[in-house]
Amino acid sequence: MTVDFKVVDTVHSAFTVSDLKRTLTMFRNLGCEVAAQDAGAPEIVKMLTGIDNAPCKLGFVRIPGGHMIEFIEYEGPSDRGQVKSRPCDTGAAHIALAVNDLDAALAGAADVGLTLYNEVVTIDDAPMTGTRSAYFRDPEGLTIELIQWNANGDPFKTTAA
């Protein structure tokens with residue numbers, strides 16, 4: 001199958017949260033920039049999602065390196081719930097963030113509201129040999145992976161030709 005369009009860039013990732021202020025504070029404390037905050041108009045939310053009566057608050061965070069994350073706190077409808085998933089469940093999501101010192105992140109995780117899932121992993125396979133990674137859960141239930149690259153840095157970054 002051939003399509004007549006192609007992806008040209010990443011715009012943002014998005015997560016729904018129950019407490020936008022707490023989430024923005026946590027990401028600010030992690031060294032990210034709160035780039036914008038706004039209210040989502042219920043009529044636009046309905047046009048995009050098909051959900052009636054879903055006013056919301058929006059916050060955009062810029063991660064060092066430039067990627068944007070949108071956090072959405074819905075104030076309706078009254079029957080909204082909370083997703084509870086494990087990383088192995090289909091549809092589960094996480095965001096991976098590079099840190100300069102995973103040991104310091106482990107020591108300070110609770111101070112910013114992160115709870116370690118299980119253990120730190122050190123990768124043995126090239127090109128990531130020596131890279132260390134750990135999964136955390138934030139107060140919203142979002143999974144955040146913190147990665148400390150080996151001395152060669154991120155092997156997935158490409159340079160423009």
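Tutor: Helices here are DSSP runs of H or I with at least four residues, and strands are runs of E with at least two, numbered from the N terminus. In this predicted model, Pro77 lies in the loop between β4 (68-74) and β5.

Student: How many helices and strands does the protein have?

Tutor: There are three helices and nine strands. Their order along the sequence is β-α-β-α-β-β-β-α-β-β-β-β. The protein has 161 residues, 29% of which count as buried, and its C-alpha trace spans about 50 × 45 × 30 Å along the principal axes.

Student: What makes the bond between Gly76 and Pro77 stand out?

Tutor: The peptide bond joining Gly76 and Pro77 is cis, with omega about 0°. A cis bond also leads from Ala126 to Pro127, where omega is near 10°. Pro127 belongs to the loop between β7 (121-122) and β8.

Student: Why is β7 (121-122) called a strand?

Tutor: β7 covers residues 121-122, and a strand needs a run of at least two residues, so β7 qualifies.

Student: Why are β7 and β8 said to pair?

Tutor: Pairing requires at least two bridges between the strands. β7 and β8 have two bridges, in the antiparallel sense, so the condition is met. Within this pairing, Val121 has Ser133 of β8 as its bridge partner.

Student: Which other strands does β8 pair with?

Tutor: Strand β6 (residues 115-116) is joined to β8 by two bridges and runs antiparallel to it; there, Leu116 stands opposite Phe136. β8 and β9 also run antiparallel, over six bridges, with Tyr135 partnered by Glu145 in β9. The hairpin of β8 and β9 has five residues between the strands, and Gly141 in this hairpin has a positive phi near 95°.

Student: Which strand runs parallel to β9?

Tutor: β5 runs parallel to β9, and five bridges join them. One facing pair is Leu97 with Leu146 of β9.

Student: How do the side chains along β5 point?

Tutor: They alternate: Ile95 and Leu97 point to one face and are buried, whereas His94, Ala96 and Ala98 point to the other and are not buried. In a regular strand, side chains alternate between the two faces of the sheet.

Student: Why is Phe136 called buried or exposed?

Tutor: Buried means under 20% relative accessible area. Phe136 has 0%, so it counts as buried. Phe136 lies in strand β8 (residues 132-137). Leaving out residues up to four places away in sequence, Phe136 touches residues including Leu106, Ala109, Leu116, Tyr117 and Ile144.

Student: How is Leu20 classed, buried or exposed, and why?

Tutor: Leu20 has a relative accessible area of 4%, so it is buried. Leu20 sits in helix α1 (residues 20-29).

Student: What does Leu20 contact beyond its sequence neighbours?

Tutor: Apart from neighbours within four places in sequence, Leu20 contacts Lys57, Leu58, Gly59, Phe71 and Glu73. Leu20 and Glu73 are 53 residues apart in sequence, and their C-alpha atoms are 5.7 Å apart.

Student: Why is Glu140 assigned to its class, buried or exposed?

Tutor: Its relative accessible area is 10%, so Glu140 is buried. Glu140 is placed in the loop between β8 and β9 (143-148). Residues that Glu140 touches, setting aside those up to four places away in sequence, include Val17, Ser18 and Gln82.

Student: What makes the link between Glu140 and Arg22 a polar contact?

Tutor: A polar contact needs a pair of N or O atoms within 3.5 Å, one able to donate a hydrogen and the other to accept it. The side chains of Glu140 and Arg22 are joined by such a contact at 2.7 Å.

Student: How is Asn53 classed, buried or exposed, and why?

Tutor: Exposed means over 50% relative accessible area. Asn53 has 56%, so it is exposed. Asn53 is in the loop between α2 (42-49) and β3 (56-62). The phi of Asn53 is near 50°, a positive value in a residue other than glycine.

Student: And Met1, buried or exposed?

Tutor: Met1 has 97% relative accessibility, so it counts as exposed. Met1 lies in the segment before β1 (13-16).

Student: Which residues form a nonpolar patch with Met1?

Tutor: Val3 and Phe5 join Met1 in the surface patch, with about 440 Å² of accessible area together. For the protein, the accessible surface is about 10800 Å², and carbon and sulfur atoms account for 52% of it.

Terms used:
Residues are numbered from 1 along each chain as its sequence is written. This is a predicted model: local features need pLDDT of at least 70, side-chain atom pairs count only at pLDDT 80 or more; totals for chains, interfaces and linings use all residues. Side-chain values use heavy atoms; hydrogens and water are left out. Buried means under 20% relative accessible area, exposed over 50%, partly exposed in between (1.4 Å probe, protein chains only). Contact means heavy atoms within 4.5 Å. Patches are made of residues with over 30% relative accessible area and no salt bridge: like charges are joined within 9 Å, nonpolar side chains (Val, Leu, Ile, Met, Phe, Trp, Tyr) within 5 Å. Accessible areas come from the Shrake-Rupley method with a 1.4 Å probe; for residues, only the protein chains shown count as cover. A salt bridge is a side-chain nitrogen of Lys or Arg within 4 Å of a carboxyl oxygen of Asp or Glu.
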